[in-house]
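Reader: I would like to learn how to read a protein model, feature by feature. Could you walk me through one?

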Amino acid sequence: QVQLVESGGGLVQAGGSLSVSCSASGRTFSSYAMGWFRQAPGKEREFVAAISGSGGSKKYTESAKGRFTITRDNTKNTVYLQKNSLQPEDTAIYCCATFRDYYLSGYGYYSPRNYEYWGQGTQVTVSS
C-alpha cells in the first residue's frame with residue numbers, strides 16, 4: 001500500500017510558474033508509474049501527465065506539452081510537476097496517483113480508473 005501527499009500549491013499570477021510535489025510513504029514507490037490529474041470546479045477529472053517507474057518514459061496531455069514537466073526521484077519517494085506559463089484555465093486541484101503498472105504502455109494512463117492510490121490534492125489558483 002502507498003500513501004501519497006501533495007504539496008506546493010498556491011496562488012500564482014498568469015504567466016507565472018509553480019512546482020507541485022507528491023511524496024509517498026512505503027517501500028513500493030518505485031514499482032509504480034505515477035500520474036498527475038487535475039479537477040476544476042464543476043468539471044471532470046482530467047489527465048495531465050504521467051511518468052514510468054524508472055522515469056524513462058513521460059506522457060503529457062496536449063495542453064501541458066511545452067509548459068509542464070513531470071519528474072521523479074525514487075530515492076526520495078517523490079514525483080514532481082513543474083508548471084510554467086500558467087493560465088487561469090490551469091486553476092484546479094492537482095492530485096497524484098499510482099498507476100497499475102511499472103510501465104506506460106498503450107493509452108491506459110489517460111484514465112483515472114487505471115490508477116490505484118490517490119493523494120488528497122493541492123489547490124493551484126491562477127489569477128489573470
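Author: Gladly! Keep in mind that this is a predicted model. Let's start with the core. The largest nonpolar core holds 27 residues. Met-34, Trp-36, Val-48, Ile-70, Val-79, Leu-81 and Tyr-94 have the most contacts inside it.

Reader: Which elements give two or more residues to this core?

Author: They are β3 (18–25), β4 (34–39), β5 (46–51), β7 (68–73), β8, β9 and β11 (122–127). The top contributor is β3, with four residues. There is also a second, separate core of nine residues, with Phe-37, Phe-47, Ala-97 and Phe-99 among them.

Reader: What does Met-34 touch, leaving aside its neighbours within four places in sequence?

Author: Its contacts include Leu-4, Cys-22, Phe-29, Ile-70, Val-79 and Tyr-115. Ala-49, Ala-50 and Ile-51 are also in contact with Met-34, as are Arg-72, Ala-97 and Thr-98.

Reader: Now the cysteines, please. How many disulfides are there?

Author: To call a disulfide, look for two cysteine sulfur atoms within 2.5 Å. By that rule the count is one. The bond joins Cys-22 to Cys-96, with an S to S distance of 1.9 Å. Cys-22 sits in strand β3 and Cys-96 in strand β9, 74 residues apart, so the pair links distant parts of the chain.

Reader: Are these two cysteines buried or exposed, and what is the handedness of their link?

Author: Both Cys-22 and Cys-96 are buried. Their link is right-handed, with 60° about the S-S bond.

Reader: Why does Cys-95 have no bond?

Author: Because its sulfur is too far away: the closest cysteine sulfur, in Cys-96, is at 7.5 Å. Cys-95 is itself buried, with a relative accessible area of 5%.

Reader: How should I read the sheet?

Author: The general idea is that strands of a sheet pair through backbone hydrogen bonds, either parallel or antiparallel. Here, four strands form an open sheet in the order β1-β3-β8-β7, with antiparallel pairing. The edges are β1 (3–7) and β7; each has a single partner strand, so one side of each is left without a neighbour in the sheet. From one strand to the next, the twist averages 15°.

Reader: How many bridges join β3 and β8?

Author: Six bridges, in the antiparallel sense. To see the register of this pair, find Ser-23, which stands opposite Thr-78 in β8.

Reader: What about backbone angles? Which residues other than glycine have a positive phi?

Author: Asn-77 is one of them, with phi near 55°. You will find Asn-77 in the loop between β7 and β8. Ser-85 is another case, with a positive phi of about 50°. Ser-85 belongs to the loop between β8 and β9, and it is partly exposed, with a relative accessible area of 37%.

Reader: Let's finish with a loop residue. Where is Thr-91 found, and which backbone oxygen does its side chain reach?

Author: Thr-91 lies in the loop between β8 (78–83) and β9 (92–99). Its side chain reaches the backbone oxygen of Pro-88 at 3.0 Å. Setting aside residues up to four places away in sequence, Thr-91 touches Ala-40, Gln-123, Val-124, Thr-125 and Val-126.

Reader: Thanks! Let me try the cysteines once more: Cys-22 and Cys-96 form the disulfide, whereas the sulfur of Cys-95 is too far from its closest cysteine sulfur for a bond.

Author: That is the right reading. For the sheet, start from the order β1-β3-β8-β7 and then look at the pairing of β3 with β8.

Key. Residues numbered from 1 in each chain as written. Predicted model: local features only at pLDDT ≥ 70, side-chain atom pairs only at ≥ 80, totals over all residues. Heavy atoms only, no water. Polar contact = N/O pair within 3.5 Å; in protein donor to acceptor, adjacent residues only side chain to side chain. Contact = heavy atoms within 4.5 Å. Core = buried A, V, L, I, M, F, W, Y, C linked by side-chain atoms within 4.5 Å. Buried < 20%, exposed > 50% of the residue type's maximum accessible area, 1.4 Å probe, protein only. Pairing = 2+ DSSP bridges. Axes fitted to C-alpha atoms, helices over the stretch in contact; angles between N-to-C directions.
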